[in-house]
Amino acid sequence: DPYADDPPRHPALRVNSQKPFNAEPPSEILTDTYITPSAFFFKRNHLPVPRVDPGTYRLEIQGLPKGPVSLSLADLKSNFPKHTVTATLQCAGNRRLEMNQVKQVKGLNWGIAAISNATWAGARLRDVLLEAGYKPGSKFQHVQFEGLDHDVTGTTYGASIPIRKAMSEEGDVLLAYEMNGEELPRDHGYPVRVVVPGTVGARNVKWLAKIVVSEEESSSHWQQNDYKGFSPGTDWDTVDYKSAPAIQELPVQSAITQPAQGSTVSCSKGELTVKGYAWSGGGREVIRVDVSLDGGKTWNVATLGGAEEGQEAATSPPPGRAWAWKLWELTVPLPAETQELEIVCKAVDNSYNVQPDTMAPVWNLRGVLSNAWHRVKVTVRK
Ligand code: MTE
Ligand code: MO
């Protein structure tokens with residue numbers, strides 16, 4: 001069993017697939033803390049978790065005119081300044097379950113919690129590439145990453161990002177060796193992973209073995225033949241993966257974490273509190289979350305950031321670098337009688353991008369980019 005050496009995991013996680021291990025936290029706990037504890041951070045593995053010896057670990061950098069460069073973990077930690085970034089990671093398949101309810105899609109049935117927020121620290125990819133001999137203005141267009149995890153044939157996980165993102169002084173792309181102030185847990189890429197803030201989870205390559213600076217995108221399956229969006233009219237007979245770009249930045253997203261779908265809430269104080277998260281890709285900041293209690297007929301504006309425990313979101317991030325989610329909440333008075341509510345949320349980012357009202361028009365055969373208004377039905381009892 002190639003998965004026999006996978007690490008132990010928290011029993012509260014909701015497991016989507018055991019081998020490879022894919023799991024999300026219970027959605028209600030997602031908004032209990034601004035920083036997701038690593039044990040609860042969603043886990044998305046395509047392959048067995050590799051066991052890596054930090055003493056012999058090497059990171060290879062290829063494609064630059066100076067020739068290949070090889071760095072040890074100690075090199076990475078001592079030769080480059082340590083940079084810290086709080087960034088939200090979201091899987092392209094977050095909320096696939098809701099898309100599946102419109103019409104069958106192919107993929108893991110993620111709920112609303114294939115998204116989490118952590119503080120990452122490591123060397124800037126930009127600093128490492130400059131040291132390895134990258135010259136601004138050269139012909140390269142992409143930076144490819146390869147992981148140490150592999151299938152039985154030896155094929156490794158891989159992905160790439162545009163060089164513009166990798167080299168941007170404001171891109172904050174990390175070769176991270178710490179998560180939430182500790183060394184990376186094995187499930188999250190120990191000893192080194194790429195963190196590409198604002199970019200879909202799939203490009204944040206874990207157990208990083210190799211970086212290739214190139215004129216081409218990664219040739220990996222996950223860059224070429226997966227993680228792309230298509231029309232609702234495209235089916236498995238007509239899909240042409242070459243016709244669509246690889247997903248990089250994700251669209252604006254939000255969801256309700258409390259109360260939970262289908263729950264009965266008692267409303268003794270005559271008030272109801274609704275909580276959730278909101279985030280947008282590409283460093284675009286969420287500027288507003290609208291919440292409806294009547295299925296979208298009337299709307300209230302939620303409070304962003306929340307006052308508890310000095311959330312970082314309270315201080316505005318630099319323009320274009322809103323890498324972390326905003327937690328939001330709304331407390332509303334409720335009439336005394338028992339009633340059914342359809343609670344709805346939708347976020348707006350600073351480009352005034354909005355979420356579509358339903359899933360059907362954004363449905364796609366792989367169930368990615370699922371970001372319609374989130375709706376939960378609850379029963380309120382006095
Ligand atoms: N990197 C490697 N080496 N192998 C993987 O299977 N999965 C990717 C990405 N990086 C993956 C990987 C996907 S699809 C996502 S959503 C994120 O890792 C998930 O990161 P997490 O498990 O730390 O939450
Ligand atoms: Mo993913």
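**Reading a ligand site and two domains**

Author: Start with one contact. In this predicted model, an oxygen atom of ligand 1 is 2.7 Å from an N or O atom in the side chain of H188.

Reader: How much of ligand 1's accessible area does the protein cover?

Author: Compare the area of the ligand on its own with what the protein covers. Here ligand 1 has 530 Å² of accessible area on its own, and the protein covers 100% of it.

Reader: Which other residues make polar contacts with ligand 1?

Author: Look for pairs of N or O atoms within 3.5 Å. H46 is one of them: a side-chain N or O atom sits 2.7 Å from an oxygen atom of ligand 1. N204 uses its backbone instead. An N or O atom there is 3.0 Å from a nitrogen atom of ligand 1.

Reader: What kinds of residues form the shell around ligand 1?

Author: Sort them by class. The shell has 9 nonpolar, 5 polar and 5 charged residues. There are 19 residues around the ligand, and F42, D149, H188, R193 and K206 come nearest.

Reader: Which cavity does ligand 1 take up?

Author: The largest cavity is the space taken by ligand 1.

Reader: What domains does the chain have?

Author: Read the bounds. Domain 1 covers 14-243, and domain 2 covers 253-381. Their C-alpha centres lie 27 Å apart. The contact between them takes 49 residues from domain 1 and 40 from domain 2.

Conventions: Residues numbered from 1 in each chain as written. Chains lettered and ligands numbered in written order. Predicted model: local features only at pLDDT ≥ 70, side-chain atom pairs only at ≥ 80, totals over all residues. Heavy atoms only, no water. Near = heavy atom within 4 Å. Polar contact = N/O pair within 3.5 Å; in protein donor to acceptor, adjacent residues only side chain to side chain. Areas by Shrake-Rupley, 256 points an atom, 1.4 Å probe, with all protein chains shown as cover. 1 Å grid on protein atoms, 1.4 Å probe; cavity = no way out; pocket = protein on both sides within 12 Å on 5 of 7 lines; lining within 4 Å. Sits in = over half its atoms within 2 Å of the grid points. Nonpolar A, V, L, I, M, F, W, Y, C, P; charged D, E, K, R; others polar. Domains from an automatic or database assignment. Contact = heavy atoms within 4.5 Å.
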